[in-house]
Amino acid sequence: MSRAPGMRFFLPSLLLLLLLAAPAWAAGLPEGFCHVEEVVPGVVLDVRYFTSHNFLGDPVDGYEAPRVILTVQAARALAGVQATLARFGLGLKVFDGYRPQRAVDHFVRWAEDLSDTRMKAEFYPDVDKAHLFRDGYIAARSGHSRGSTVDLTIIDLGTGEALDMGTPFDFFGPPSWPESPAMSAQVRANRALLQGIMVSHGFRPLAEEWWHFTLENEPFPDTWFDFPVR
């Protein structure tokens with residue numbers, strides 16, 4: 001049987017395309033999303049919501065694996081941040097990216113249960129839990145659910161230690177504001193470094209959380225997703 005000219009080249013090329021598409025398909029991610037570690041070489045993940053070490057004190061609904069998901073555009077921008085930091089012996093540790101709506105719903109249920117203050121001493125010592133909605137710490141929707149918002153810090157690649165940012169990730173209160181005057185000069189410099197490099201790669205900061213950044217040109221600005229993190 002004769003073959004059309006070039007057929008022997010076409011089939012391997014098609015197979016290669018299928019293999020390249022396989023990771024996202026196998027992971028069950030919607031089109032336009034990826035796992036951060038597959039796009040950002042050397043990134044360190046510390047997925048607190050998969051564990052009990054968070055302000056709820058329990059694993060959060062929707063986090064079925066200790067992974068971070070972002071839109072492809074946000075992950076590629078983050079890869080640029082990582083490459084820039086690496087020239088100075090620094091890198092990124094990521095706490096959270098895409099957040100399912102069911103996780104946000106879990107936050108809301110927790111905030112409504114005023115009797116549960118197990119983690120108050122570590123995460124909100126000076127904030128009345130009854131005021132979490134009023135003060136904007138908890139809301140029924142989160143920009144994280146659109147897939148292009150990320151929570152992160154900077155680490156020293158030599159030691160693996162995070163730079164001193166003055167407060168833990170997810171600390172509720174004015175000390176977490178990036179420009180808090182209560183912080184030392186070194187802490188403010190570390191926060192300025194993180195903010196400056198993120199902004200230079202297309203992210204915008206949040207005035208109340210030093211760790212929180214959203215891609216300026218996010219691809220799904222009006223869509224809140226609810227697929228699980230796995």
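User: Before we get to L78, what does contact mean here?
Analyst: Contact means heavy atoms within 4.5 Å, and the model it is applied to is a predicted one.

User: OK, so which residues does L78 touch?
Analyst: Not counting residues up to four places away in sequence, L78 touches V36, V40, L70, L92, V94, V150, L152, M198 and F203.

User: And which residues touch the most other members of the largest nonpolar core?
Analyst: That core has 55 residues, and those touching the most other members are F55, L78, W110, V150, L152 and M198. Among the elements that each supply at least two residues of this core are α2 (72-86), β5 (149-156) and α5 (185-200), while α2 gives the most, with seven residues.

User: Switching to α5, which of its residues are buried?
Analyst: V187, N190, R191, L194, I197 and M198 are buried in α5, and because they cover an arc of only 140° around the axis, they sit on the same side of the helix. On the other side of α5, A185 and S200 are exposed.

User: What covers the buried ones?
Analyst: The cover over the buried residues of α5 includes α2, β5, β6 (203-206) and β7.

User: Different topic: is Q101 buried or exposed?
Analyst: Q101, which lies in helix α3 (residues 101-112), is buried, because its relative accessible area is 15% and the cut-off for buried is under 20%.

User: Where does its side chain find a polar partner?
Analyst: A polar atom of the Q101 side chain lies 3.0 Å from the backbone oxygen of A140. Leaving aside neighbours within four places in sequence, Q101 is in contact with A140, R141, S145, W224, F225 and D226.

Technical notes. Residues are numbered from 1 along each chain as its sequence is written. This is a predicted model: local features need pLDDT of at least 70, side-chain atom pairs count only at pLDDT 80 or more; totals for chains, interfaces and linings use all residues. Side-chain values use heavy atoms; hydrogens and water are left out. Helices (H or I, at least four residues) and strands (E, at least two) are DSSP runs, numbered from the N terminus. Buried means under 20% relative accessible area, exposed over 50%, partly exposed in between (1.4 Å probe, protein chains only). A polar contact is a pair of N or O atoms within 3.5 Å; within protein, one must be able to donate a hydrogen and the other to accept it, and residues adjacent in sequence count only if both atoms are side-chain atoms. A nonpolar core is a set of buried Ala, Val, Leu, Ile, Met, Phe, Trp, Tyr and Cys residues joined through side-chain atoms within 4.5 Å. The arc is that of the directions from the helix axis to the C-beta atoms.
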